[in-house]
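Biologist: I'd love a close look at a single part of this model. Could you take me through it step by step?

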Amino acid sequence: MRARQDTCVCIIGARAGSKRVPGKNRLLVGGVPLYRNAVEAALGSGVCTPTILTTDDVLIQQDLAGHGELLVDERPSHLAGSSPSMWDVVEDMMRRRPKLFEQGGAIMLLTPCHPFRTAYHVRMAFEQFRASGADALVSVTAYPFPPELRLSVNNNRVTRDWDGLVRAGDHLVSYYPNGAVTILTQEAFMTHRSPYTGNTTAFEISWPECLDIDEPGDLELARRLIDSGVV
């Protein structure tokens, strides 16, 4: 039986480098740096004890120094590049700072690159996780159209793998992981190093709240959505 998960260690990863969007985690959306948006969502949710931001970015460390509600962890240099995963970062932190995890609570991972994920999303995700009896939770978003209707384009020529008319109900709704919130028990982390344990619950976040700043165009879109009052 899964241990009770009444507490949640929240870890926000904000490394300095980004190949596609340089300095991404410090960029402003709605006048707020992306990393601070993630911190506010975690602290505002009321479910994270403690909240940890792990970073190799000196400017982020300086900005958050002395923050009373946040623990800033200086990421070791061997985990500062793009090759190490967040699983590597969490595993290293569990070795270096075991007291943070000694209560046995769940581990929540938040990224800085979801500017429209809020404290409400974080709180509701954790409450669903606790009630579900699952080992893990991933936040998901429904595809706006059935992925079975994809087209292939090669040298500007279109091919398709389906025929005939498509009617409502012909395909089940499909979802993709949006990366906004990930939660798993410590046991699941140590066993799987993945939220896909065979006992994972899905927490749905709709568009555009799920927007992930992954390309320069995503940042531009986020700013336009704010300026137009959509979010």
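At what angle do helix 1 and helix 4 pack, and how far apart are their axes?

Modeller: Happy to! This is a predicted model, so local features need pLDDT of at least 70, side-chain atom pairs count only at pLDDT 80 or more, and totals for chains, interfaces and linings use all residues. Residues are numbered from 1 along each chain as its sequence is written, and side-chain values use heavy atoms, with hydrogens and water left out.

Helix 1 and helix 4 pack at about 50 degrees, and their axes are 7 Å apart. That makes helix 1 oblique to helix 4 (neither under 35 degrees, over 145, nor 65 to 115). Their crossing is right-handed. In contact terms (heavy atoms within 4.5 Å), Glu40, Ala41, Gly44 and Ser45 of helix 1 meet Ala119, Val122 and Arg123 of helix 4. Helices here are DSSP runs of H or I with at least four residues, and strands are E runs of at least two, numbered from the N terminus.

Now for helix 4 itself. Its 14 residues, 119–132, should span 20 Å at 1.5 Å a residue, and the end C-alpha atoms are indeed 20 Å apart (the expected span is 1.5 Å times one less than the number of residues). Its buried residues (under 20% relative accessible area, 1.4 Å probe, protein chains only) are Ala119, His121, Val122, Ala125, Phe126 and Phe129. They cover an arc of only 165 degrees around the axis, which puts them on the same side of helix 4. Among the elements covering them are helix 1, strand 1 (8–13) and strand 10 (175–184). Just after helix 4, Gly133 takes a positive phi of about 75 degrees.

Note on methods:
Buried < 20%, exposed > 50% of the residue type's maximum accessible area, 1.4 Å probe, protein only. Arc of directions from axis to C-beta. Axes fitted to C-alpha atoms, helices over the stretch in contact; angles between N-to-C directions. Left-handed = near helix turned anticlockwise from the far one by under 90°.
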